[in-house]
Amino acid sequence: MSVPKTGISRRDFIRIVGGVAAVLSFPSVLFQGCRALERARKRTSLIWLQGQSCSGCSISLLNAGYPDIITLLVADISLDFHQTLSWGTGEVILEVIKKRLEDRKRDFILVVEGSIPTASEQYCTLGETNGLAKGIRQWVVELGAAANAVVAAGTCAAYGGIPAARWKGEGAGPTGATSVAKILPKRKVVCVPGCPPHPDWMIGTLAHCILKGAPKLDEYNRPKLYFGKTVHDRCEWLKDYKKEKFALRWGDKGCLYKLGCLGMDSNCDIPVRKWLRGANSCTGCGSGCIGCTEPVFPDMGKRGIYEHRQA
Ligand code: SF4
Ligand code: SF4
């Protein structure tokens, strides 16, 4: 594969970090984003671990439209380790992360996708130590202590997500799945939730961490740039909601509240950012918001999906 000559354009960069409004909160570095990232990649690398994940967060990242993800990974960010995207295998690729642990002078950002099992190290392993499979929890503890920044990619890493859902509605799941923050209680973990997270959220957050440090976060440690307002605040159907024009069957026009939309207490900018290069949003396509960016997702007992339930 040939290495692209150019990195992120200024226009792409502004769009990813949140649009024109974000320019005000993402100071001068925004206007030199390309060059700054070019310089930063020489000293900052990315280690991307996958715990209990379906790989959907990585697939979503590969759908990045602005800029093309290959351009970003090759020309602007040094993605040195990824369990499914790295070209090397076995001991050869494991050497990359072992070196990060040994070489403390080299900066790196740890990204974790998927939740972390705590009931047994053997539920999710990566490589071996002294002939024994090494649990992903151990890797997160070791790399998390050495990294410049720790980013949880997706709701499973951020809050436990689907692997941590209550077992048949009765209690904890069998793997003891938990969030990265619970494994690293002394570190500030930047959470980019979503099932999956939008690629712009991931790229914008990583760019911010590389160039300016952690972005401003909300009470659930999510970047305010992307999660500062509710879905309802910016929904395509807000006018219909105010006029009490509700969809009562799937496919009807109108606000989806009566079909169980959770947009009022879920935060993200998808109604304005939209998925797949602006094709559509969760609410715009008529399916409603299932609250995938919230810490309680997908706890059926508390909020429900397609059905409003009492806490
Ligand atoms: S569809 Fe959902 S987010 Fe949109 S206005 Fe209705 S309740 Fe709010
Ligand atoms: S609109 Fe709702 S379901 Fe869609 S990404 Fe945002 S929080 Fe998740």
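Q: Helices (H or I, at least four residues) and strands (E, at least two) are DSSP runs, numbered from the N terminus; how many of each are in the protein?
A: The protein has 13 helices and 7 strands. The model is predicted, so local features need pLDDT of at least 70 and side-chain atom pairs count only at pLDDT 80 or more, while totals for chains, interfaces and linings use all residues. Residues are numbered from 1 along each chain as its sequence is written, and chains are lettered from A and ligands numbered from 1 in the order in which they are written.

Q: Which strands make up the open sheet, and in what order?
A: Two strands pair if DSSP finds at least two bridges between them. In this structure, 5 strands form an open sheet in the order E2-E1-E3-E6-E7, and their pairing is parallel. Strand E2 (78-82) and strand E7 (189-192) are the edge strands, each pairing on one side only.

Q: How many bridges join E1 to E2?
A: Strand E1 (residues 44-50) pairs with E2 in the parallel sense over 4 bridges. To find one of them, look at Ile47, whose bridge partner in E2 is Phe81.

Q: What joins E6 to the strands on either side of E6 in the order?
A: E3 and E6 run parallel and are joined by 5 bridges; Leu110 has Val150 in E6 as its bridge partner. E6 and E7 are also parallel, with 4 bridges, and Ala153 stands opposite Val192 in E7.

Q: Is E6 enclosed by the rest of the structure or open, and why?
A: A residue is buried if 20 or more other C-beta atoms, placed from the backbone, lie within 10 Å of its own (exposed: 12 or fewer; partly exposed: in between). Because 5 of the 5 residues of E6 are buried, E6 is largely enclosed by the rest of the structure. In a regular strand, side chains alternate between the two faces of the sheet. Both faces of E6 are covered, with Ala149, Val151 and Ala153 buried on one side and Val150 and Ala152 buried on the other. For the protein of 311 residues, the buried share is 43%.

Q: Which strands form a hairpin?
A: E4 and E5 do, with 2 residues between them. Strand E4 (residues 125-129) and strand E5 (residues 132-135) pair in the antiparallel sense over 3 bridges. Thr129 has Leu132 in E5 as its bridge partner. In the turn, Asn130 has a positive phi of about 50°.

Q: Where is Ile136, and what does Ile136 touch?
A: Two residues are in contact if their C-beta atoms, placed from the backbone, lie within 7 Å. Ile136 belongs to helix H7 (residues 136-146). Leaving out residues up to four places away in sequence, Ile136 touches Leu49, Gly51, Ile116, Cys124, Thr125 and Leu126. Gly51 is 85 residues from Ile136 along the chain, yet their C-alpha atoms are separated by 6.2 Å. Ile136 counts as buried because 24 C-beta neighbours lie inside 10 Å.

Q: What share of the contacts in the protein with a separation of 6 or more joins residues 24 or more positions apart?
A: Such pairs account for 71% of those contacts.

Q: Which residues are around the two ligands?
A: A residue is near a molecule if its C-beta atom, placed from the backbone, lies within 6 Å of it. Around ligand 1 there are 15 residues, the closest being His232, Cys235, Cys255, Cys261 and Gly263. The residues around ligand 2 include Gly194, Val231, Ser266, Cys268, Cys282, Cys289 and Cys292.
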